[in-house]
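Hello,

Here is the structure I promised to pass on. Please have a look at it first, then read my notes below.

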Amino acid sequence: MNASAALRAGVARGGRPPDTRASAAGIGLWVFMGVATALFSLFVMAYVMRMNGSDAVAIPLPWQLWLSSTLLAIGSVALQRSATAARGAEPARARRLLWAGGLCALAFLAVQLWAWQALTSTQVTPAGNPGAAFFYLLTAMHGLHVMGGLAAWAWTVHAAWPDPAAAAWRIALCARYWHFLLAVWGVLFALLGWVTPEVARAICGTP
Amino acid sequence: MKPATKKFLTHYVWSQDHKVIAIQYACTAIAVGLVGVVLSNLMRLQLGFPGQFEFINAERYYQFVTMHGMIMVIYLLTALFLGGFGNYLIPLMVGARDMVFPYLNMLSFWVYLLSVVVLMASFFVEGGPTGAGWTLYPPQSILPGTPGHAGGIVLMLVSLVIFIVATTMGGLNYVTTVLQARCEGMTLLRMPLTVWGIFVATILALLGFPALFVSGVMLLLDRTLGTSFFMPALVSMGQASGYKGGSPLLFQHLFWFFGHPEVYIVALPAFGIVSDLISVHARKSIFGYRMMVWAIVAIGGLSVVVWAHHMFVSGMNPYFGFFFATTTLIIAVPTAIKVYNWVLTLWHGDIHLSVPMLFALAFVCTFAIGGLTGLFLGNVSVDIPLSGTYFVVAHFHMVMGVAPLLVVFGGIYHWFPKITGRMLDDRIGKIHFWITFLGTYAIYFPMHYLGVLGMPRRYYSFEGYQFIPASAFSLNTFITVVALVVGAAQLLFVFNLAWSAWRGRPATANPWRAASLEWQTPTTPPGHGNWGPQLPVVYRWAYAYGVPGQGEDYIAQNAPPEAGGLEPEARGRSEGEARGAPA
Amino acid sequence: MSMAVVLLLIVVGSVLFHVFNPWWTTPLASNWQQMDDTLTITLVITGAFFVAINLFVVYALVRFRHREGRRATEQPESKRLERWLIGGTTVGIMALLAPGLVVYANYVRAPHDALVLEVVSQQWQWRFRFPGADGKLGASDARFVGAANPFGLDPADPAGQDDLLVAADEVHLPLGRPVLVLMRSHDVLHDFFVPSFRARMNTVPGQVSRFWFTPTVGGRYEALCAQLCGVGHPNMRGFVVVQDVAAFNAWQAALPTFASTQAKAAAPAGAAAGSAVEQGRALADAKGCTACHTIDGSPRVGPTWKGLYGKTETMADGGRALVDEAYLRAFIRDPQARQVKGFAPVMPKIDLSDEELAALVAYIQSLGSAPTQAATDKGVQR
C-alpha cells in the first residue's frame, strides 16, 4: 500500500505496527490485572475484618464449587495450549482449543449459578449472615470478571479465526487473563472455605 | 445515513481521536461543574441568610451539600484532570499519534457521560438525591432520617460504579501510552512534569478507585438486599432494624483508603501542570526537575498510608492515631520541596505576567495556605477540636478546590491556542483571574477562623447556639456575597471559551515559545495523527530555556542535537552520545 | 507588577486579619491546654513559612520581571540547596509532630480515678448515664430499646440496676475531677462535642468509644453533634453543667435509677386492655413515636404528648392551631405539611391503617385535656 494509506492505517490502529500493538495490549492487560488484584485484595481484607465479628458463621460450601473450579482450570490449560498451537502453525488445533477455553469459562459460570441455587434452596440468603453475604458477593464479582473475559474471548475468536498464527498474541493474552482468573478464584475459594470466623479472629487478634 | 452526517458523527461524536475525546470530557466536566457551583451558591444562601429562602429546607440543604461535593471532587476535578488534560496532552507531549487503545478511550468518555446522567437522574427520583454528605457514611446514608435514603443513594452508588469503570478504561490508556508509545529519544526523565503528574495520578486512580468500588457495592447491598456489611444492630426512628454485626468503621477505612489518594489524583496533575506553566512563562527550566519527579512519585506512594487521618475522631483504635499522624506529616516534606522548587524557578527568571502565569502564582499562594493548614489537621491532637468544623471545610476547599482549579484555568489559558488555533481574550482573562483569586481567598481564609472557634460543618442552621458570636453570622453573610460574585464570574470564563473558540485572535503555532513537544506539531490545531508522516525524534528534556549563547531563549525538544540545551545529567557526556535511549 | 503588590497585601492583610479578628478558640474550660499550645506552635511555624514563601515570590516578581533584553539565568538545579531545604523542612515537621504526639499519648490514656459518664446518642437527642454505687455500668443492647427502656439496658444484668439515668439533654459534672466519657449510639454516627472542652469523639453504633477530660471552669456549656446524622443534625443540642462537688452530688442523688424507672413502667396505665387507648399506647411504642415524643411533659425532638390534646399550638409561620382530632390525624398523615414553632421539621411519615390512626389519636387524647372553646384571632387552621 502507498505511504498515505499506510499512514491512515497506522493512525487508525494507533499508528503502530501489530507487534507494538501486541506489546501495548500486553502492558494494558498487566495494568488491568493490577487493578483487579487491588479490587480483590480489598474484598479479601473486608472479608477478614467482617468475619471477625461475633455474628459470623462459616457456611458449608456447595460441592458444585469443586466442579466449577475444575472447569476453570481446564479452560486455562486449553487456552494456554491454543496459544502454543497458534504459534506452532497448527491452526486447526488452535481453533479447537480456543473454543474449548471459552466454553469452559461459560460452563464455569453456569455451575457457579448452580451453586448459588443450591445454597438458596437451603435458605442461605445474602441478608442472613456475613459469610453468606460474602459468598454471593465474591462469586458475583469474580463471575463479572469472567464475563468480561468472555467478551474479550469472543472478539479474539472473531479476530483469530482466519489466521490464528497472526493473532497468536491475542490468544496468549486470553490465556494470561484466564490464568489470572483461576488464581483469583483459588484465593477466593480458599478464603470462603478455610478462613472461618475463628481464623479471622486469629488474624485480627480478637480474643 | 448521509455521508456528511456519518462523517460528522465519526469525527466529532464517536471519535477515537484523543483530542476530541479530551474536549468531550472537558465540556462535560465543566458543565457538571457549573451545576456544582449553583449548588454551592444555594447552600451559601442558606448560610448567609438563614431561613430567608423557604425552598431551602434542611432536607434540600443536605442534598445540595452532598451533590455539590461529589460533583466537584469526582465528576469535575478527576474527570477534567485525567480525562480532559490527560487525554489531550499525553500523546502530544510524549510524541505519540494517539492513545494506545483508541476504541477503549472513546468508550471511557461515553461511560463517564452515562455516570453523569445517572447521577443527575437522582434529582428526579422520589425522595430526591442523597443528602448523606459526599462521604456517604453508613448507617445514616441508607436509613430514614437522611434525605434520599430510598432511591437517591442507590443512584449515587450506581453512578459511582459506572464512573469507576470509565476511569479504569481511561487509566489503562494513559498508563500504557506513557510506558509504551513515547517517541524516539523521549525517555521517562525527559517527559514534562505535566505528564509525570497525570501518570502517577492515574496509577493512584487505578489502585485507589477499587476501594471506592468495594465500599460502594457493599453499601449498595446493605441498602438493597439487607446485608449487614456496615450496619450494626440498631434502632432507627424507634424501629428495630434487621441489621446486625456490621461495622460502620469498615466503610470509613475502605472509603478513605480511596479518598485520600483521590485528593492526590486531583493534586498531582495540578502540580505537574503548574510546573510547566511557571517554567514556560518565566522562561526558565523548572528548578530541580528530577527532584520534582521523585517528589511526585514519593507523594503518590505515601498517599496510600495516610488515610486514617480522616478518622482521628472516628472511634477507631486510638493507637492508629500515632501512625497516621506521623505518615501524614512525613508527606509534607516532598510537598514542601515542590513548593520551594516552584518559587526557586522564578529566581533569576524572566517573568512574564501572562494570564497563565497569574493563575500559576495564585496557585502557589493558595496551595501554601491549603497545604500548611493540612499540617494542623494531620497532627492528631491538634485535629481533635478542629475535626468536623469549618477549619476542615476551609482547608480542603483551599487545597483541592481553589488551588487546583486555578491551575485548571491557567492550563486552559495556556493550551487553548494549541487546541483551537486562537488566543483566549486577555482582558476578560485578567478580570476572571482577579475576581476568582481574590474572591476565593476572601471566602476561605477567614473560614478557618470559624472552625477554630468550633463552628461545626454540615449544619443547616446555627440558630440558638450561644457560643457562636453574632460576628460569625456576619462573616457568613459576607462569605456568601463573595461566593455569589465568584460564582457569577465563572460565566466570564465560559463566555471567553465559547467566544474565543469562534472569534478569538488567531494564534501562531507556539505563542508562548515553549520547548515541550506538544507545541512543535506541524499544524495548529494538530491534525489527526498529530505529527504528519514522520514521528518526532527528541534530543533533550522539555526545559531548555535561557540556554546561554543561543539566539532564542528556548530550544524545542525535537530541535536538532547541535542546538544543545541538554538536561543536566547528560551534560557531562559528549555531543554524540547524549541523544538518549530510544523509547 | 500588580501581582507582586497584591501578594504583598495578601500577606500583610492575612497577618493583620489574624491579629485583629474576633474569632479564635472558645475559652478553654478543660485540662487540654496542651492542645491549644500545640495549635499555637503549629500556627507560628506554618505562619512563618507562609510569610517567607510569599515574600520570596513578591521579591522575585519585582526583581526578575520581564524587561526588554533580559534573559533568565540557566540554573536547573542545586543539589546542595535541595539538601538544606529537605533538612530544614524535616526539622520544622518534627517540631510540629513531637509535641502533637506527646499530647496525644496523654489523650489516649485516661486517669484511673476518672468519673465514668456514659453518653448515649440517637437521632436527634442525647441521654446520659452514670454507674451507680457499684461503680459499674450495666450491659446494654439495641434489642432492649423501647419506650420504657430508652437506654436499652439489659434488665437481667444486676450491675445495671443501680445505674443513674439522665433522660434529659442536660448533664452535670463536678469541677476538677477527670471524666472518662464512654459513648454509645442507638442508630447512626454522632459526635459529642463541647468546644470549650476540646476533647471529643464520634459515637458509633455497635461499639463503645471513649475520650477523657477534666472540667476546670464552672458553667453551662453547649454540646453539639459534630458528625452528620441526618436532617436533625443541627438540632441535636445538649448541655453540660460544671459545678462544685457538693452541688453535683446533690443533683446526682436526685437522679432515678434504672430499677426505679422499670418499676414505674410496670405500673399499669388506667385503661383496660384491648381498648383503643391501650392499643394506641402499644402502637406509640411499636411505631417509634416515643423516640421523639415524651409523655412526661419534657419536649424532645418533638412536642410532648402530655397536655398536647386541647392545646392551642403555635406554628412556625406564626399562625395558631387548635390541637384536636382533625389536627392530629392530618399531622400524622402528612408531617411535612406544617411545622410547629420551636421544633425541626424532621418527623417521618409512619405507615398506619385508619384503625391504627384512630387508636393512636385516642391515646394522645387520653394524655391531654378537653379542647377549649377559645380559638384565637387570626386564622385558626385545621
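**Salt bridges**

E567(B) is buried, at a relative accessible area of 6%. Keep in mind that this is a predicted model. The side chain of E567(B) forms a salt bridge with that of R190(B), 2.9 Å from N to O. E567(B) sits in the segment after α14 (470-503) of chain B and R190(B) in the loop between α5 and α6 of chain B, so the bridge ties together parts 377 residues apart in sequence. R190(B) is buried too, with 2% relative accessibility. Both values fall under the 20% limit for buried, which is why the two residues get that label.

Chain C has a salt bridge between D36(C) and R198(C), at 2.8 Å from N to O. It links distant parts of the chain, 162 residues apart. D36(C) is in helix α2 of chain C, and R198(C) is in the loop between β6 (190-193) and β7 (200-203) of chain C. Are these two partners buried or exposed? D36(C) counts as buried at 13% relative accessibility. R198(C) is buried as well, with a relative accessible area of 3%.

Some salt bridges share partners. R283(B), R513(B), E552(B) and D553(B) are joined in this way into one network.

Another bridge crosses between chains. The side chains of R290(B) and E77(C) meet at 3.4 Å, N to O. R290(B) belongs to helix α8 (residues 289-302) of chain B. E77(C) lies in the loop between α2 (33-63) and α3 (79-107) of chain C. R290(B) is partly exposed, with a relative accessible area of 22%. E77(C) is partly exposed at 26%. These two values lie between 20% and 50%, so both residues take the middle label.

Over all chains, the count of salt bridges comes to 21.

**How the chains meet**

Which chains share the most contacts? Of the two pairs of chains in contact, it is chains B and C. Chain A and chain C have no contact between them. Their closest C-alpha atoms are 11 Å apart.

The interface of chain B and chain A deserves its own paragraph. It takes 35 residues from chain B and 29 residues from chain A. About 2,600 Å² is buried between these two chains. Carbon and sulfur atoms give 79% of that area. On the chain B side, Q180(B), F229(B) and L250(B) lose the most area to chain A. Together they account for 18% of what that side buries.

How many salt bridges cross between chain B and chain A? The rule finds zero. It does find five residue pairs in polar contact across this interface, with both residues at pLDDT 80 or more.

Three elements of chain B give two or more residues to the side that touches chain A: α5 (152-180), α6 (193-224) and α7 (248-281). α6(B) gives the most, with nine residues. By type, the residues on this side of chain B divide into 22 nonpolar, eleven polar and two charged.

**Two single residues**

H253(B) is found in helix α7 of chain B. At 16% relative accessibility, H253(B) counts as buried. Which residues does H253(B) touch, not counting those up to four places away in sequence? They are W307(B), M311(B), M316(B) and F320(B). For a longer reach, take H253(B) and L80(B): 173 residues apart in sequence, and 27 Å apart in space from C-alpha to C-alpha.

P348(C) is in the loop between α7 (325-333) and α8 (354-366) of chain C. At 28% relative accessibility, P348(C) counts as partly exposed. Leaving aside neighbours within four places in sequence, P348(C) is in contact with M237(B) and P335(C). The contact with M237(B) reaches into chain B. The C-alpha atoms of P348(C) and I332(C) are separated by 9.0 Å, and the two residues are 16 apart along the chain.

**Where to look**

Start with E567(B) and R190(B), the buried pair in chain B. Then take R290(B) and E77(C), the bridge from chain B to chain C. Finish at the interface of chain B and chain A, where the rule finds zero salt bridges.

Best wishes

Key:
Residues numbered from 1 in each chain as written. Chains lettered and ligands numbered in written order. Predicted model: local features only at pLDDT ≥ 70, side-chain atom pairs only at ≥ 80, totals over all residues. Heavy atoms only, no water. Helix = DSSP H or I, 4+ residues; strand = E, 2+ residues; numbered from the N terminus. Buried < 20%, exposed > 50% of the residue type's maximum accessible area, 1.4 Å probe, protein only. Contact = heavy atoms within 4.5 Å. Buried area = accessible area lost by both parts, 1.4 Å probe. Salt bridge = Lys/Arg side-chain N within 4 Å of Asp/Glu carboxyl O. Polar contact = N/O pair within 3.5 Å; in protein donor to acceptor, adjacent residues only side chain to side chain. Nonpolar A, V, L, I, M, F, W, Y, C, P; charged D, E, K, R; others polar.
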